[in-house]
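Welcome, and please open your viewer so that we can walk through a few selections together. We will start with charged side chains and then move on to strands.

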Amino acid sequence: MRLPWELLVLQSFILCLAGSQTDFWSLLGVLPALEADDSTLHGPIFIQEPSPVMFPLDSEEKKVKLNCEVKGNPKPHIRWKLNGTDVDTGMDFRYSVVEGSLLINNPNKTQDAGTYQCTATNSFGTIVSREAKLQFA
């Protein structure tokens with residue numbers, strides 16, 4: 001069993017190596033990586049995953065937004081899938097990715113209804129979001 005002063009010395013040593021209190025607790029696994037210093041290299045982490053959307057067919061708004069917010073260092077590259085197939089934003093002008101979120105202009109029930117997922121990748125890894133259904137009513 002360690003004496004309290006030994007634990008204090010050990011904590012001080014680890015704190016010195018970590019560089020900050022936040023890094024110390026992250027190092028011990030107490031704080032999630034989200035709270036680590038932004039300069040720390042790490043894989044992608046979801047800040048916000050997409051949620052299901054019910055788009056009214058008679059909507060005045062002719063856009064659908066599926067949210068995906070990701071943090072990582074280096075900055076992750078975001079891709080979207082519809083029913084397991086990559087959404088090609090270069091081939092279909094209706095789709096665009098803005099700050100990670102997928103915008104669909106003039107959504108069409110036949111082409112756009114289905115299950116979407118956001119994928120974020122950087123040199124430290126890849127994460128895949130939960131599924132989010134886009135439905136029309």
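Before you click on anything, keep in mind that this is a predicted model. Searching the whole structure turns up three salt bridges, and we can visit each of them in turn.

**Stop 1: K81 and D86**

Select K81 and D86 and show their side chains. These two form a salt bridge, with 3.2 Å between the closest N and O atoms. Are the partners buried, partly exposed or exposed? Colour by relative accessible area to find out: D86 comes out at 45%, so this residue is partly exposed. K81 has a relative accessibility of 24% and therefore also counts as partly exposed.

**Stop 2: R94 and its partners**

Now centre on R94 and add D92 and D112. In general, side chains of opposite charge can pair when their charged atoms come close. R94 makes a salt bridge with D92, where the closest N and O atoms are 3.4 Å apart. R94 also makes one with D112, and here the closest N and O atoms are 2.8 Å apart.

Which parts of the chain does the R94 and D112 pair tie together? Switch on the cartoon: R94 sits in the loop between β6 (85-86) and β7 (95-98), while D112 belongs to helix α3 (residues 109-112), so the pair links parts that are 18 residues apart in sequence. Shared partners join the salt bridges of D92, R94 and D112 into one network.

Turn on a surface next. R94 and D92 are both buried. For R94 the relative accessible area is 9%, and because buried means under 20%, R94 falls in that class. D112 is at 0% relative accessibility and so counts as buried too.

**Stop 3: strand β11**

Move to strand β11 (residues 132-136) and show its side chains. As a rule, side chains in a regular strand alternate between the two faces of the sheet. On β11, the covered face carries A132, L134 and F136, and the uncovered face carries K133 and Q135.

**Stop 4: the strands paired with β11**

Keep β11 selected and add strand β2 (residues 53-55). These strands pair in the parallel sense, over three bridges. To pick out a bridge, select F55, whose partner in β11 is F136.

Finish by adding strand β9 (residues 114-122). How does β9 run relative to β11, parallel or antiparallel? The two strands run antiparallel, joined by three bridges. Label G114 and you will find L134 of β11 standing opposite; L134 is also one of the residues on the covered face from the previous stop.

Note on methods
Residues numbered from 1 in each chain as written. Predicted model: local features only at pLDDT ≥ 70, side-chain atom pairs only at ≥ 80, totals over all residues. Heavy atoms only, no water. Salt bridge = Lys/Arg side-chain N within 4 Å of Asp/Glu carboxyl O. Buried < 20%, exposed > 50% of the residue type's maximum accessible area, 1.4 Å probe, protein only. Helix = DSSP H or I, 4+ residues; strand = E, 2+ residues; numbered from the N terminus. Pairing = 2+ DSSP bridges.
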